[in-house]
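Me: Please take a close look at one part here: the aromatic pairs. I want to know where the rings sit, what they touch and what lies around them.

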Amino acid sequence: MVRSDAPILAVTTFNHRGFEEYGHRCIESFKNWPKNAKLIVYADGVHVEPGERIEVRDLGKSCPSLRSFKSRFTSYKPKSWEFDVVKFSNKVFAAVHGLNDWAGLGVWLDADCVTYNEIPDGYLQGLIPDDRYLAFFGRQRMYTETGFW
């Protein structure tokens, strides 16, 4: 069971275009997260100002094996967007790097997620059932939502 006061570490990543289009709103709205929450941004070729609860890491320097992974799949042509391992690899490498040794509540947060209202203390911890270690928003008759887990 995740303690209701467990510290929260959220991780996200984006490139320059992503920052301009949506990432800046994700960062700005992080002020609505509980005060025991911290955000790590894995910036991919874009300068992002760190903040009081926002740490910025260079994606390429933090995850050097990402480049070799992508180079192995340069000629890979997915049959649809759902199987684009190269496109989604930044997300996976950043999440694994950022949350690898975290002992509190770890959260993946797609950079296009905006938090419009204040999140009450203990709310996020309460989303995980006692007998589980991972929670996500499932959908019926559609692909799984992986923008927030």
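Reply: Start with the rule for rings. Phe, Tyr and Trp (its six-membered ring) pair when their centres lie within 6.5 Å; planes under 30 degrees apart are stacked, over 60 edge-to-face, and the rest tilted. The model is predicted, so local features need pLDDT of at least 70 and side-chain atom pairs 80 or more, while totals for chains, interfaces and linings use all residues. Residues are numbered from 1 along each chain as its sequence is written, and side-chain values use heavy atoms, without hydrogens and water.

By the ring rule, the count comes to 8 aromatic pairs. One of them joins Phe69 and Phe73. Their ring centres are 4.9 Å apart, with 45° between the planes. That pair is tilted. Phe69 is buried, because its relative accessible area is 16% (buried is under 20%, exposed over 50%, partly exposed in between, with a 1.4 Å probe and protein chains only). Phe73 is partly exposed, at 27%. 

Another pair joins Trp108 and Trp149. Here the centres are 6.4 Å apart and the planes differ by 25°. This pair is stacked. Trp108 lies in strand β4 (residues 105-108), while Trp149 belongs to the segment after β4 (helices, H or I, of at least four residues and strands, E, of at least two are DSSP runs numbered from the N terminus). The two tryptophans are 41 residues apart in sequence, so their pair ties together separate parts of the chain. Trp108 is buried, with 1% relative accessibility. Trp149 is partly exposed, with 29%.

Now the cluster. Ring pairs link Phe69, Phe73, Tyr76 and Phe93. Tyr76 sits in the loop between α3 and α4. Its relative accessibility is 33%, so Tyr76 counts as partly exposed. Beyond four places in sequence, Tyr76 touches Phe83 and Val85 (contact means heavy atoms within 4.5 Å). Tyr76 and Val86 are 10 residues apart in sequence, and their C-alpha atoms are 8.4 Å apart in space.

Two helices frame the next step. The axes of α3 (residues 64-72) and α4 (residues 85-99) come within 10 Å and cross at roughly 165°. That makes α3 roughly antiparallel to α4 (an angle over 145 degrees, with axes fitted to C-alpha atoms over the stretch in contact and angles running from 0 to 180 degrees between N-to-C directions). On the α3 side, the contact uses Ser65, Leu66, Phe69 and Lys70. On the α4 side, it uses Val85, Val86, Ser89, Asn90 and Phe93. Phe69 and Phe93 thus appear twice: among the helix contacts and in the ring cluster. Val85 also recurs, as a partner of Tyr76 and as part of the contact of α3 with α4.

Next, the residue after Trp108. Leu109 is found in the segment after β4. Leu109 is buried, at 3% relative accessibility. Leaving aside neighbours within four places, its contacts are Val11, Thr12, Cys26, Trp33, Gly147 and Phe148. Leu109 and Lys87 are 22 residues apart along the chain, with their C-alpha atoms 16 Å apart.

Val11 and Thr12 lead on to Ile40, which touches both. Ile40 is in strand β2. It is buried, with a relative accessible area of 2%. Apart from residues up to four places away, Ile40 also touches Leu9, Ala10, Glu55, Arg57 and Gly98. Ile40 and Glu55 are 15 residues apart in sequence, yet 4.8 Å apart from C-alpha to C-alpha.

Lys38 is found in strand β2 too. Lys38 is partly exposed, at 34%. Its contacts outside the four-place window are Ile8, Leu9, Ala10, Phe30, Arg53 and Glu55. Lys38 and Leu9 are 29 residues apart along the chain, and their C-alpha atoms are separated by 5.0 Å. Leu9, Ala10 and Glu55 therefore occur in the contact list of Lys38 as well as in that of Ile40, with Ile40 buried and Lys38 partly exposed.

One loop remains. Asn32 lies between α1 (16-28) and β2 (37-44). Asn32 is buried, with 15% relative accessibility. Excluding residues up to four places away, Asn32 touches Thr115, Tyr116, Asn117, Glu118 and Ile119.

Methods:
Parallel < 35°, antiparallel > 145°, perpendicular 65-115°, else oblique.
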